[in-house]
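Reader: I want to learn how to read a structure from its salt bridges and strands. Where do we start?

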Amino acid sequence: MSEKKKFSADGPAPRKRFWTQASVEPSDNGLAVLLDGKPVRLPGREVLQVRSRALAEALAAEWQAAGMDDPQKRFAADDLPLTRIAGTMIERVTPDRQHSVDTLAGYGEHDLLCYRAEASDPLSARQQKLWQPWLDWLRETYGVTLTMTHGLMPVPQPSASLEKLKQVLSERSDAILAALGVCVPALGSLTLGLAVIDGRLDAERAVNIATLDERAQMERWGEDVAHLDRIATMSADVTDAARFVSLTENK
């Protein structure tokens, strides 16, 4: 017997499925996703259309599946993760790329990997072993050096490094900027987000690195439901972002 789908009382109200068939058709700017022959409209009223057939078919597939596992045929935004990223790309990134670049660069200014436990804390050695190689990777790959500190007080990053990060981001496609807009906030690290998008880290390993502090706490005090929920949400977001980029690049 399958478990009924549960909707959060404090989340957005679920919507009821109103279509029978989701499909893909050529459009003026690529391939549009249709529901019973009518194009899907995003919140800003733009048509949900992309250039990659692989992505368009994946978008149609998630609309086709939305609500099908609920007895009342209800669905929520969480059922449409690829559509969420595509919508961000179409309605937010493309019209104002600089805003996306500046926002993402801000995560580099306060990158998780730069903030370590006090040197006397055993966690600090684990952070050094797990986190420092990725700051080294950022420097070696992009010529960006970020300053590390012990404790929670903000540490200023070199202005040249922040400008270089903006340059790196400005050279990325709208699709990659949209995907980074999902996985970077989830991970709390622009460094890890770039490593995922570059194919240097898979989602599971990236989440494992980003949640070192939470996992260390649970090793000491036992499992914590809030930590486990956060890790699960992070994993889903990073996986969706990586998949979106992969589908975009698969024409």
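Author: We start with a burial value. Arg172 has a relative accessible area of 15% and is buried. Keep in mind that this is a predicted model.

Reader: Why does Arg172 count as buried?

Author: The cut-off for buried is under 20% relative accessible area. Arg172 is at 15%, so it counts as buried.

Reader: Which residue forms a salt bridge with Arg172?

Author: Asp198 does, with the closest N and O atoms 3.1 Å apart. Asp198 lies in the loop between α7 and α8, and Arg172 in the loop between α5 and α6, so the pair ties together parts that are 26 residues apart in sequence. Asp198 itself is partly exposed, with a relative accessible area of 29%.

Reader: How many salt bridges are there?

Author: The count is 11. One of them joins Arg230 and Glu214, with the closest N and O atoms 2.2 Å apart. Arg230 sits in helix α10 and Glu214 in helix α9, so this pair ties together parts that are 16 residues apart in sequence. Arg230 is partly exposed at 39%, while Glu214 is buried at 11%.

Reader: Is Glu140 buried or exposed?

Author: Glu140 is exposed, at 61% relative accessibility. Its salt bridge is with Arg139, at 3.8 Å between the closest N and O atoms. Arg139 is partly exposed, at 36%.

Reader: Which residues are linked in a network of salt bridges?

Author: Asp102, Glu163 and Lys166 are linked that way.

Reader: Now a buried polar side chain. What does the side chain of Gln127 make a polar contact with?

Author: With the side chain of Asp213, at 3.0 Å. Gln127 lies in helix α4, residues 122-142. Its relative accessible area is 1%, so it is buried. Beyond its neighbours within four places in sequence, its contacts include Tyr115, Arg116 and Leu212.

Reader: On to strands. What is the general idea about side chains in a regular strand?

Author: They alternate between the two faces of the sheet. For a case, take strand β3, residues 30-35. It is mostly covered, with 5 of its 6 residues buried.

Reader: Which strands does β3 pair with?

Author: There are antiparallel pairings with β2, β4 and β5. 6 bridges join β2 to β3, and Val24 has Val33 as its bridge partner. A hairpin through 2 residues connects β2 to β3. With β5 there are 2 bridges, and Ala32 stands opposite Gln49. With β4 there are 2 bridges as well, and Leu35 stands opposite Lys38.

Reader: Which residue takes a positive phi in the hairpin of β3 and β4?

Author: Asp36 does, near 50 degrees. That hairpin has 2 residues between the strands.

Methods:
Residues are numbered from 1 along each chain as its sequence is written. This is a predicted model: local features need pLDDT of at least 70, side-chain atom pairs count only at pLDDT 80 or more; totals for chains, interfaces and linings use all residues. Side-chain values use heavy atoms; hydrogens and water are left out. Helices (H or I, at least four residues) and strands (E, at least two) are DSSP runs, numbered from the N terminus. Buried means under 20% relative accessible area, exposed over 50%, partly exposed in between (1.4 Å probe, protein chains only). A polar contact is a pair of N or O atoms within 3.5 Å; within protein, one must be able to donate a hydrogen and the other to accept it, and residues adjacent in sequence count only if both atoms are side-chain atoms. Contact means heavy atoms within 4.5 Å. Two strands pair if DSSP finds at least two bridges between them. A salt bridge is a side-chain nitrogen of Lys or Arg within 4 Å of a carboxyl oxygen of Asp or Glu.
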